[in-house]
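Let's take a walk through this structure together, one piece at a time. Have the view ready to rotate as you read.

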Amino acid sequence: MADQLPDIEDHAVLLNYLRDTGRIARNEIPTFTNLAGGVSNRTVHVRRENGECWVLKQALHRLRVKVEWLSDPRRIEREALGMRRLASLAPQGAITRLIFLDPGPNLLAMEAVPQPHANWKELLLANGPQPEHVRQFAQLLGCVHRRAYENRDTLGSEFDDRSFFESLRLEPYYLYTTDQVPEAAPFLRALVERTRAIRQTLVHGDYSPKNILVHDGRLVLLDHEVIHFGDGAFDLGFSLAHLLSKAHHLHDHRAAFAAAATSYWHIYRETIADVPWATDLEARAVAHTLGCLLARCRGRSPLEYLSPESRTRQADAAFAMMQRPPDRVADLVDEFLGRVQA
Ligand SMILES: Nc1ncnc2c1ncn2[C@@H]1O[C@H](COP(=O)(O)OP(=O)(O)O)[C@@H](O)[C@H]1O
Ligand SMILES: [Mg+2]
């Protein structure tokens, strides 16, 4: 499959597209800026003459990575549906408004997060975590998981398809890692099987600081293309692995990241209140955290900020902990950081 046309990064082409499809007037001249960001999409900022700002996002068939990695660009339709539904599940203002979806060229337009804003990953790497941001990160996820569970009758069927989660998460993270670290294969295969069997709530699937913008002190969540109805513990493990990898990486902020990871879990847990699947959630979140800590060193998508030595140290720690995983997130944090102590 060729990459999608019109190529929205070509501004003359984009201008014609917006005019021809009636999204803007024939004589309007917006300002376009290509955004650097992910590897799987084109993203372009559009400033309209009336001052309104959009971000156009176009899913690519061929991901911009060294090895060939293909993914069905119709995932943009999933993202648009996710954006619509998340808007009523997440706290007010935490989700960008969808302006339009055009399935033909695999693109959507959403409102742009106003300037000034910062990417949360960059803030974390530069300054360590701020408790208020951690609190919002936990409440946002807890709120979505609890409300999506309450609306499971409709959301369960709307988000039943998990093919993007399989091809963009389970395969490149867990299954690919079983080939790289065969000793970890029994743990990872069991984790994959359990994940496939669980359908409890809406799972964002890419709940990473990189997909959070901070504007005016408020967190805004982006990038919903692997959203599906499944195992909420995946989101917890995926995000906890980000916080713990940064704790490992940033010696000076290690204690703050450790406290952030533990309070993230506690605030999330309070937010989901008494959903019935909360009972064994902590142990399942720990398992996904260990799986992701290893996968982000040995899977197809290693964390770019970890040095080769750090990746080895982190992979060894995660693998060792898979032999007897702790039951509690607080113990996971302590043991992991004890093991990677440089
Ligand atoms: N609505 C938006 N407002 C401002 N910036 C955005 C918006 N959507 C995306 N971006 C920018 O583009 C980057 C990539 O977008 P994202 O949806 O995460 O795509 P990808 O799937 O390629 O990672 C984001 O990290 C952010 O910097
Ligand atoms: Mg992204």
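A good place to begin is the open sheet, where 3 strands line up in the order 6-8-9 with antiparallel pairing. Keep in mind as you look that this is a predicted model. On the edges sit strand 6 (117–119) and strand 9, each of which pairs on one side only. Going from one strand to the next, the twist averages 30°. Strands of a sheet pair through backbone hydrogen bonds, either parallel or antiparallel. Here, strand 8 and strand 9 run antiparallel and are joined by 4 bridges. If you want a spot to zoom in on, find Ile212, which stands opposite Leu221 in strand 9.

Now add the helices that pack on this sheet. Helix 3 (residues 120–127) lies across strand 6 and strand 8, and its direction makes an angle of about 75° with strand 6. Helix 4 (residues 131–150) lies across strand 8 and strand 9 instead, running at about 40° to strand 9.

Stay around these strands for the metal. The magnesium ion (ligand 2) is coordinated by Asn211 through OD1 and by Asp223 through OD, at 2.1 to 2.2 Å. Where do Asn211 and Asp223 come from in the chain? Asn211 belongs to the loop between strand 7 (201–203) and strand 8 (212–215), while Asp223 belongs to the loop between strand 9 (218–221) and strand 10 (228–230), so the definition of strands as DSSP runs puts both in loops. The two are 12 residues apart. Both Asn211 and Asp223 are buried.

Next, pull back to see how the chain is divided: domain 1 covers 11–111 and domain 2 covers 117–340. Taken over C-alpha atoms, the centres of domain 1 and domain 2 are separated by 26 Å. The contact between them takes 25 residues from domain 1 and 26 residues from domain 2.

For a detail within domain 1 (11–111), try the hairpin formed by strand 4 and strand 5, with 4 residues between them. Strand 4 (residues 98–102) and strand 5 (residues 107–111) pair in the antiparallel sense over 4 bridges. Asp102 has Leu107 in strand 5 as its bridge partner. In the turn, Asn106 has a positive phi of about 55°.

What about the inside? The largest nonpolar core has 93 residues, and Tyr174, Tyr264 and Tyr268 are those with the most contacts inside it. Helix 10 (residues 281–298) gives the most to this core, with 10 residues. The core also draws at least three residues from each of domain 1 and domain 2. Tyr264 is worth a closer look: leaving aside its neighbours within four places in sequence, its contacts include Val134, Phe137, Ala138 and Leu141, along with Tyr207, Asp235 and Leu243. There is also a second, separate core of 14 residues, with Leu15, Ile24, Val46 and Trp54 among them.

One last stop is Thr262, which lies in helix 9 (residues 254–272). Thr262 and Asp331 are 69 residues apart in sequence, yet 9.2 Å apart in space, C-alpha to C-alpha. Which residues does Thr262 contact, leaving aside its neighbours within four places in sequence? They are Ala330 and Val333.

How values were computed
Residues are numbered from 1 along each chain as its sequence is written. Chains are lettered from A and ligands numbered from 1 in the order in which they are written. This is a predicted model: local features need pLDDT of at least 70, side-chain atom pairs count only at pLDDT 80 or more; totals for chains, interfaces and linings use all residues. Side-chain values use heavy atoms; hydrogens and water are left out. Donors are N, O and S atoms within 2.8 Å of the metal (3.2 Å for Na, K and Ca); water is not among the atoms, so sites may look incomplete. Buried means under 20% relative accessible area, exposed over 50%, partly exposed in between (1.4 Å probe, protein chains only). A nonpolar core is a set of buried Ala, Val, Leu, Ile, Met, Phe, Trp, Tyr and Cys residues joined through side-chain atoms within 4.5 Å. Domain bounds come from an automatic or database domain assignment. Contact means heavy atoms within 4.5 Å. Two strands pair if DSSP finds at least two bridges between them. Axes are lines fitted to C-alpha atoms, for helices over the stretch in contact, and angles run from 0 to 180 degrees between N-to-C directions.
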